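Hi,

Here is the structure I promised to pass along. Have a look at it first, and then read on for what turned up when I went through it.

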Amino acid sequence: MAKVSKNIAKARAAVTKPAYPLPEAVTLLKQVKYAKFDETVDLTLRLGVDTRHADQMVRGTVVLPHGLGKTKTVAVIATGDRQKEAQEAGADFVGGDDMVAKIMGGWTDYDAVIATPDMMKSAGKLGKVLGPRGLMPNPKTGTVTFDVAKAIKETKAGKVEFRVDKAGIVHCAIGKIQFDPTHIAENAHAVIGAVIKAKPAAAKGKYVRKITLTSTMGPGIPIDLVESETLAAAA
């Protein structure tokens, strides 16, 4: 068994309740911080879905009200006037087939990729490159669209994608540990609300089974489900 450091053991020992209201959990997470860097704060939701069935997959996007703490670098694959539109909207990199070839060649200096529908025949080749990184353009997440200006604006503003994994768990970054506690909580409520709205019609029984707040080096803090779901629904 791996040896647990004193800092980790102390942080874990501070989690004494079976569940915390989200604002209290955020406060505790910041209190037990010991890492010297600005950790990423993550929210994990365990869902009551069977991902072996396509009609129980959970996937979507949400614009975090307070962003992620950094501006994403956006690459846009488009042609003609859409390239000009993308440049004017603030895209960091814009191209067509040349952009596809560049990405196929191993270029990775971007955090998000947006493509217009007419370019998907070419961009579709990028599945094996972008898929594993969760960056493949997809109409369901708004990254395959002719309205590239809107997509760029939302991405720069802090839009994040969530997707349930094979174990029925959704992991989503919601900010940085140095954020104002209220901002972390509001970002968390936005994600919880989006996941609830994405509930598949085929899902039976209790949908959200467990919610945990954590940071890169911090302990997992269980969140009160009733309080979180109520506040998320009202957001």
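**Aromatic corner**

Phe 93 is partly exposed, because its relative accessibility is 28% and the partly exposed class runs between 20% and 50%. Before going further, keep in mind that this is a predicted model.

Trp 107 is another matter: with a relative accessible area of 12%, this residue is buried. Tyr 110 is buried as well. Ring pairs tie Phe 93, Trp 107 and Tyr 110 together into a cluster, and the count of aromatic pairs comes to 2.

How do the rings of Phe 93 and Trp 107 sit relative to each other? Their centres are 4.8 Å apart and their planes make 85 degrees, so this pair is edge-to-face. The pair also joins distant parts of the chain: Phe 93 belongs to strand β4 (residues 93-95), while Trp 107 is in the loop between α4 (97-104) and β5 (112-115), 14 residues apart. For Trp 107 and Tyr 110 the ring centres are 4.8 Å apart too, but with the planes at 55 degrees, so that pair is tilted.

Trp 107 has a charged visitor besides. The charged end of Lys 102 sits over its ring, 4.4 Å from the centre.

**Sheets and the helices on them**

Now for the strands. There is an open sheet of 4 strands in the order β7-β1-β8-β9, paired antiparallel. Its edge strands are β7 (169-176) and β9 (221-222), each of which pairs on one side only. Inside that sheet, β1 (residues 40-47) and β8 (residues 208-215) run antiparallel and are joined by 7 bridges. If you want one to find on screen, try Arg 46, whose bridge partner in β8 is Lys 210.

Which strands does helix α2 touch? Helix α2 (residues 22-31) packs on the sheet and touches β1, β8 and β9, with its direction at about 30 degrees to that of β8. Helix α8 (residues 181-197) lies across β1, β7 and β8, and runs at about 30 degrees to β1.

Elsewhere, β3 (residues 74-77) pairs with β5 in the parallel sense, over 4 bridges. Val 76 stands opposite Ile 114 of β5. Strand β5 is covered on both faces: Ala 112 and Ile 114 on one side, and Val 113 and Ala 115 on the other, are all buried.

**Salt bridges**

How many salt bridges does the structure hold? There are 7, and these are three of them, with the burial of each partner:

- Glu 24 and Lys 17 meet through their side chains at 2.7 Å, N to O. Glu 24 is partly exposed at 31% relative accessibility, and Lys 17 is also partly exposed, with a relative accessible area of 39%.
- Glu 39 and Lys 33 form a salt bridge at 3.7 Å, N to O. Glu 39 counts as buried, at 1% relative accessibility, whereas Lys 33 is partly exposed at 26%.
- Glu 154 bridges to Lys 159, with the closest N and O atoms 3.7 Å apart. Here the lysine is the buried partner: Lys 159 comes out at 8% relative accessibility, while Glu 154 is partly exposed, with a relative accessible area of 26%.

Cheers

Methods
Residues are numbered from 1 along each chain as its sequence is written. This is a predicted model: local features need pLDDT of at least 70, side-chain atom pairs count only at pLDDT 80 or more; totals for chains, interfaces and linings use all residues. Side-chain values use heavy atoms; hydrogens and water are left out. Rings of Phe, Tyr and Trp (its six-membered ring) pair if their centres lie within 6.5 Å; planes under 30 degrees apart count as stacked, over 60 as edge-to-face and the rest as tilted. Helices (H or I, at least four residues) and strands (E, at least two) are DSSP runs, numbered from the N terminus. Buried means under 20% relative accessible area, exposed over 50%, partly exposed in between (1.4 Å probe, protein chains only). A charge sits over a ring if NZ of Lys or CZ of Arg is within 6 Å of the ring centre and within 35 degrees of the ring normal. Two strands pair if DSSP finds at least two bridges between them. Contact means heavy atoms within 4.5 Å. Axes are lines fitted to C-alpha atoms, for helices over the stretch in contact, and angles run from 0 to 180 degrees between N-to-C directions. A salt bridge is a side-chain nitrogen of Lys or Arg within 4 Å of a carboxyl oxygen of Asp or Glu.
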